[in-house]
Amino acid sequence: MKRIAVLTSGGDAPGMNAAVVSVARSAALHDVRLIGVIRGYNGIIRQDEKLMRAFFAGAKKVIGDNEEDLDMLAALKKAVSGSMGGAFPDFRPLLNKYQGQFCLANDFDDFLRKYPEFMGDFVSLDLDTVLDIADRPGTHLRTARCEAFLNPVVRLAGVLNLTAIGVEGLVVIGGDGSFNGATRLCELGMPCVAIPGTIDNDLAYTEMTLGYDTAVNVCVQAVRQIRATSRSHDRPHVVEVMGRACGDIALRTAVATGAEIVIVPEVPWSVEEVAKKLQKEIAGGNYRATVIVAEGAYESMAPFDVYGFLMERGKQCYPGETISAHRLASILKRLCYDKDKQWVEVRSTVLGYTQRGESPSAYDAAFAFEAGNRAVELLRKNEENVVIGVKEGRVFSMPIFQALKLQDKRKDFFNRRLYNLVNIL
Ligand code: ADP
């Protein structure tokens, strides 16, 4: 194996850079050249006529007079032009047979000079380039979603671009959407290994995802800071953290900060119930209670007329306005009373993107180190279509399709016992 590529896709997560660095170090150990793909799958899908012409001319020469393979190559040309629609034959045997030989770029820098259009798509990642980015948050390679990638013809163009630059394997760092993309690439003949990079920890097959621990640490730090003011003013606080479909950030933050109430997407809840619990805290003399709510938890809330409730109590509100951390605080204020029967001031903070902006924690950096190394080793052993994860504290790998299958049962993996403990204690 002479050349592999790496990309980051989906939402950015602390530790993505560290994983890229680990891939680069492991590749360098085996004299494998590493190419970085810019902006996720967007970086591989350029449909460039000049490159395709050169690719098919070169491939024809390599194949020589093998009629069967020439027919397959002609079908490949037709497929990538779009004239076959999405239903084309399996090109894997052809691409595997000539792996490395359809490469147009013995020297990658030469390739970029010849095809400068690709300069914004691919970069060479040698150790010197990457060592400085290991502890930086965000992703040096950039990330973006890529709608066009859902089209199989576009994906095929991606596989051919990678093949043309001699890439024999791809490391994809992202969430379950990105894993789906990686599987599709494998089906078209580009071996992929995936690393879970998402702060939400919303992947059922693994205990931890890259970025999750860092995000929780940011939240814990923020809640501690917020609590200083809660204590000083005797004011409860609603803190919204990230987690669209998964309440792990909220739950772990609540556990680590001793928050009194946690609200997550996995468990149905009602405003009245939360108010009752908060009122109990206040009646017991705890005026500084913290409510941690995951951003996706509003979806699992019992219906509540936010507009009607607030307008009736003299709070300016817009018709149709839905619940938010801010509105939840306003409502709780009007449902909770102090010992003088006065409403209790409840404040709110949405932590938002700060959760993604920290340097990776020791845990995430160490996981990135192991995962990056494992990804290169798997590709070198011709293991493809697999994803790396953590089970019982150990790094492991499993087929992507099996990992994705577990997503249907993701809610079953939520730690309900810990959730109950936070809300009961
Ligand atoms: P995440 O990887 O964080 O879950 P997304 O769900 O947005 O983020 O997925 C990232 C990208 O992966 C998408 O923009 C798309 O290019 C690709 N992708 C997602 N689902 C599929 C799919 N079913 N088939 C092919 N590509 C997909």
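The following exercises, each with a worked solution, concern a predicted model of a protein chain with a ligand.

**Exercise 1. The chain as a whole**

Task: State how many helices and strands the protein chain has, and what share of its residues counts as buried.

Solution: The protein chain holds 16 helices and eleven strands. It consists of 425 residues, 46% of which count as buried. The extent of the C-alpha trace along its principal axes is about 95 × 45 × 35 Å. Among the contacts in the protein chain with a separation of 6 or more, 74% come from residues 24 or more positions apart.

**Exercise 2. An open sheet**

Task: Determine which strands stand at the edges of the open sheet of four strands.

Solution: Begin with the order of the strands, which is β7-β8-β6-β9, with parallel pairing. Next, count partners: β7 (261-263) and β9 (347-350) each have a single partner strand, so they are the edge strands, and one side of each lacks a neighbour in the sheet. From one strand to the next, the twist averages 15°.

The pairing at one edge can then be followed residue by residue. Three bridges link β7 in the parallel sense to strand β8 (residues 290-294), and Ile261 is placed opposite Val291 in β8. Helix α11 (residues 271-283) packs on the sheet and touches β7 and β8. The direction of α11 makes about 165° with that of β7.

**Exercise 3. Two packed helices**

Task: Describe how helix α2 is oriented relative to helix α3, and which residues meet.

Solution: Two packed helices are described by the angle and the distance between their axes. The axes of α2 (residues 49-63) and α3 (residues 67-81) come within 10 Å and cross at roughly 170°. Angles over 145 degrees count as roughly antiparallel; therefore α2 is roughly antiparallel to α3. On the side of α2, the residues in contact are Met52, Phe56, Ala59, Lys60 and Ile63, and they meet Asp69, Leu70, Leu73, Lys77 and Val80 in α3. Sorted by class, this contact has seven nonpolar, no polar and three charged residues.

**Exercise 4. A hairpin**

Task: Establish how β10 and β11 run and which residue of their hairpin takes a positive phi.

Solution: Strand β10 (residues 386-391) and strand β11 (residues 394-399) run antiparallel and are joined by six bridges. Within this pairing, Ile388 stands opposite Ser397 in β11. The hairpin has two residues between the strands, and Glu392 takes a positive phi near 50°.

**Exercise 5. Two loop residues with positive phi**

Task: Decide whether Asp31 is buried or exposed, and whether Asn201 is buried or exposed.

Solution: Most residues other than glycine have a negative phi. Asp31, not a glycine, has a positive phi of about 60°. Asp31 is found in the loop between α1 (16-29) and β2 (33-37). A residue with 12 or fewer C-beta neighbours within 10 Å is exposed; Asp31 has 8 and is therefore exposed.

Asn201 has a positive phi near 55° and lies in the loop between β5 (192-196) and α9 (212-233). The cut-off for a buried residue is 20 or more such neighbours. Asn201 has 25 C-beta neighbours inside 10 Å, so it counts as buried.

**Exercise 6. The shell around the ligand**

Task: Identify which helix gives the most to the shell around the ligand, and how the residues of the shell divide by class.

Solution: There are 17 residues around the ligand, and Gly10, Arg145, Gly175, Gly177 and Ser178 come nearest. Helix α8 (residues 176-187) gives the most to the shell, with six residues. By class, the shell has four nonpolar, ten polar and three charged residues.

Key
Residues numbered from 1 in each chain as written. Predicted model: local features only at pLDDT ≥ 70, side-chain atom pairs only at ≥ 80, totals over all residues. Pairing = 2+ DSSP bridges. Axes fitted to C-alpha atoms, helices over the stretch in contact; angles between N-to-C directions. Contact = placed C-beta atoms within 7 Å. Parallel < 35°, antiparallel > 145°, perpendicular 65-115°, else oblique. Nonpolar A, V, L, I, M, F, W, Y, C, P; charged D, E, K, R; others polar. Near = placed C-beta within 6 Å.
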